[in-house]
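Trainee: Got a minute to go through this model with me? I'd like to start with one residue and work outwards.
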Amino acid sequence: MRRHLKQNIKQLTTSYQNGFYSPRHVTDCALDNAVKFKELNAFIRITPELALHQAKESAHRYHEKQSKGALDGITIAIKDNFCTENVHTTCASKMLENFVPPYNATVYERLLKAGAILIGKTNMDQFAMGSGTVDSIFGPSKNCWSEDFSENNWRITGGSSGGSALAVASGICYGSIGSDTGGSTRNPASYCGVVGFKPTYGLVSRHGLIPLVNSMDVPGIFTRCVSDCVDILNAVAGPDNRDSTTIKKPYRQINLSEPDQIDLKNIRIGIPKEYHCNGLSAEVLQTWRKIADILETGGAQVKQVSLPHTAASIFVYSILNQCEIASNMARYDGIEYGHRADDDSSTEQLYAKTRAEGFNNVVKTRILTGNYFLLRQNYDKYFEKALRVRRLIAEDFQRVFVTGDNDEKADILLTPSTLSDAPLYKDFVSVSNRDQCAVQDFCTQPANMAGIPAISIPIRVSSQGLPIGLQLMSNTLNEEQLLTVARWIEAQVNFNCFDNEQLSKISK
């Protein structure tokens, strides 16, 4: 039933063309696996009728030799904060529990245009505020690499796009879409043993992505391998008139070389010393050093670089995150759409009760804190100062990539994705959401502050049998070189997310 998963997207579409597999067969397998792995809670809503209809149309196109291209018949999942026409989009919240959008997000629209098949909407932290996928009203997602699923002894998926990572790691879908505001794609990719990619800010449209932090939100991509990631990126990237923040320059399709044809001789790899931080596990540090050695042996120039404002980044991110959340969450008032409380005693009471019922404590706390930072007497002290430090953080990256002396210049930065492998759920929830995000997002959120592309790729399995990933970052719009180096590393380590004995146990 799952033999087709040995193929990447290009190989599978070739099999469709040859008649060896059919989109209907692959879709049936995906829907069956979504039910088998229900315990993981990867999906908020599965869309079988829609998926089978799309599979039938795809099969007809292949029969008529009129394929739409690279993604025709490819199964995908979408995080439940992207609008999907006539399909519930809840943000894993009570506030939007019954919201059915009348339009599609641009990312989903472009996937449909490319022939992709939607299996369902994936679980997430409520309104994408978290790094564990544990704060959903539909329950937490459970990492498919967990050695024990009894009580609270399982491992978290990371977040907030944990459901999208699981949909790929468990073999239900070939690719999935998440959102990345401070690492919400790369964090769960590392914990779940898949590829997680955050493009340059503005390369992929945010239209139809329910906003968390407008100045940092980026649609992200999950796949099992780097070449599949490129296929999806090529389908969804490019200008969009409905999103004024997209880059207006036409998108140039990326074509990666085969790993044995990639030459690293003139590529400079930077190792930022500030990422060697408190809490970094010995195994992650060992993995980081090993890949740096492999890159150097492969011909790359590996050097230490400095990003001096890294330590301040998490504090700046926290302030700006909560300020923009306070603004974005103001739209949920119970009047126009979403949850509406049963209280018509006054407009003020309706607002208050609706928001009290519709938001969890994490969302409420961020709204209150953001409004505090935005008070007239606090605005300069917190918000404006955070913006100035954000500029310094972006200039750190710019100096390393472009303007610095040759001795400190790099083309690609290599860092950890997370500080450890996936924590136990019971340990994770014993610490506050704010403190967990400060730890879990330490390595990932600076890329969002600077708007640069970043990718997490799986490297090895830890002594606890859990994936460890590393992150690569590069300059704005340097996706092709970034993904090329990622593919070269991928070929050296040969990690396979289906070398996961837990999947066979779960499906029984």
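Trainee: Tyr-379 first: how accessible is it, buried or exposed?

Mentor: Neither; Tyr-379 is partly exposed, at 31% relative accessible area. Buried means under 20% relative accessible area, exposed over 50%, and partly exposed in between, with a 1.4 Å probe and protein chains only. This is a predicted model, in which local features need pLDDT of at least 70, side-chain atom pairs count only at pLDDT 80 or more, and totals for chains, interfaces and linings use all residues. Residues are numbered from 1 along each chain as its sequence is written, and side-chain values use heavy atoms, with hydrogens and water left out.

Trainee: And Phe-383, buried or exposed?

Mentor: Phe-383 counts as buried, with 15% relative accessibility.

Trainee: How are the rings of Tyr-379 and Phe-383 arranged?

Mentor: Their centres are 5.2 Å apart and the planes make 50 degrees, so the pair is tilted. The rule takes rings of Phe, Tyr and Trp (its six-membered ring) as a pair if their centres lie within 6.5 Å; planes under 30 degrees apart are stacked, over 60 edge-to-face, and the rest tilted.

Trainee: How many aromatic pairs does that rule give?

Mentor: The count comes to 15 aromatic pairs. There is also one aromatic cluster formed by Phe-99, Phe-127, Tyr-332, Tyr-337 and Phe-359.

Trainee: Phe-127 caught my eye. What is its phi?

Mentor: About 55 degrees, so positive, although Phe-127 is not a glycine. Most residues other than glycine have a negative phi, and most peptide bonds are trans. Phe-127 is buried, at 3% relative accessible area, and lies in the loop between strand 3 and helix 5.

Trainee: Which other residue has a positive phi without being a glycine?

Mentor: Thr-133 is one, with phi again given as about 55 degrees. Its place is in the loop between strand 3 and helix 5, and Thr-133 counts as buried at 0% relative accessibility.

Trainee: Where is there a cis peptide bond?

Mentor: Between Gly-159 and Ser-160, with omega about 10 degrees. Ser-160 is in the loop between strand 3 (117-122) and helix 5 (162-169).

Trainee: Staying with that loop, what does Asp-135 touch?

Mentor: Asp-135 sits in the loop between strand 3 and helix 5 and is partly exposed, at 22% relative accessible area. Apart from neighbours within four places in sequence, its contacts are Ala-92, Asp-125, Gln-126, Met-129, Asn-360, Val-362 and Asn-433. Contact means heavy atoms within 4.5 Å. The C-alpha atoms of Asp-135 and Asn-361 are 9.6 Å apart, with the two positions 226 residues apart along the chain.

Trainee: Change of topic. Where is Glu-479, and is it buried or exposed?

Mentor: Glu-479 is in helix 16 (residues 479-493) and counts as buried, at 3% relative accessibility. Not counting residues up to four places away in sequence, Glu-479 touches Phe-197, Pro-199, Thr-200, Leu-203, Leu-233, Ile-254 and Pro-453. Pro-199 is 280 residues from Glu-479 in sequence, yet their C-alpha atoms are 7.2 Å apart in space.

Trainee: What about Asn-255, buried or exposed?

Mentor: Asn-255 is exposed, with a relative accessible area of 62%. Its place is in the loop between helix 7 (226-236) and strand 7 (268-272). Asn-255 and His-25 are 230 residues apart in sequence and 29 Å apart in space, C-alpha to C-alpha.

Trainee: Now the whole chain. How many helices and strands?

Mentor: The chain has 17 helices and eleven strands. These are DSSP runs numbered from the N terminus, with helices (H or I) of at least four residues and strands (E) of at least two.

Trainee: What about the radius of gyration?

Mentor: The radius of gyration is 22 Å, close to the 23 Å from the globule rule for 508 residues, so the chain is as compact as a globular protein of that length. The radius is taken over C-alpha atoms, and the rule is 2.2 Å times the number of residues to the power 0.38. Along the principal axes, the C-alpha atoms fill a box of roughly 65 × 55 × 50 Å.

Trainee: What share of the residues is buried?

Mentor: Of the 508 residues, 61% count as buried. As for contacts with a separation of 6 or more, 77% are between residues 24 or more positions apart.
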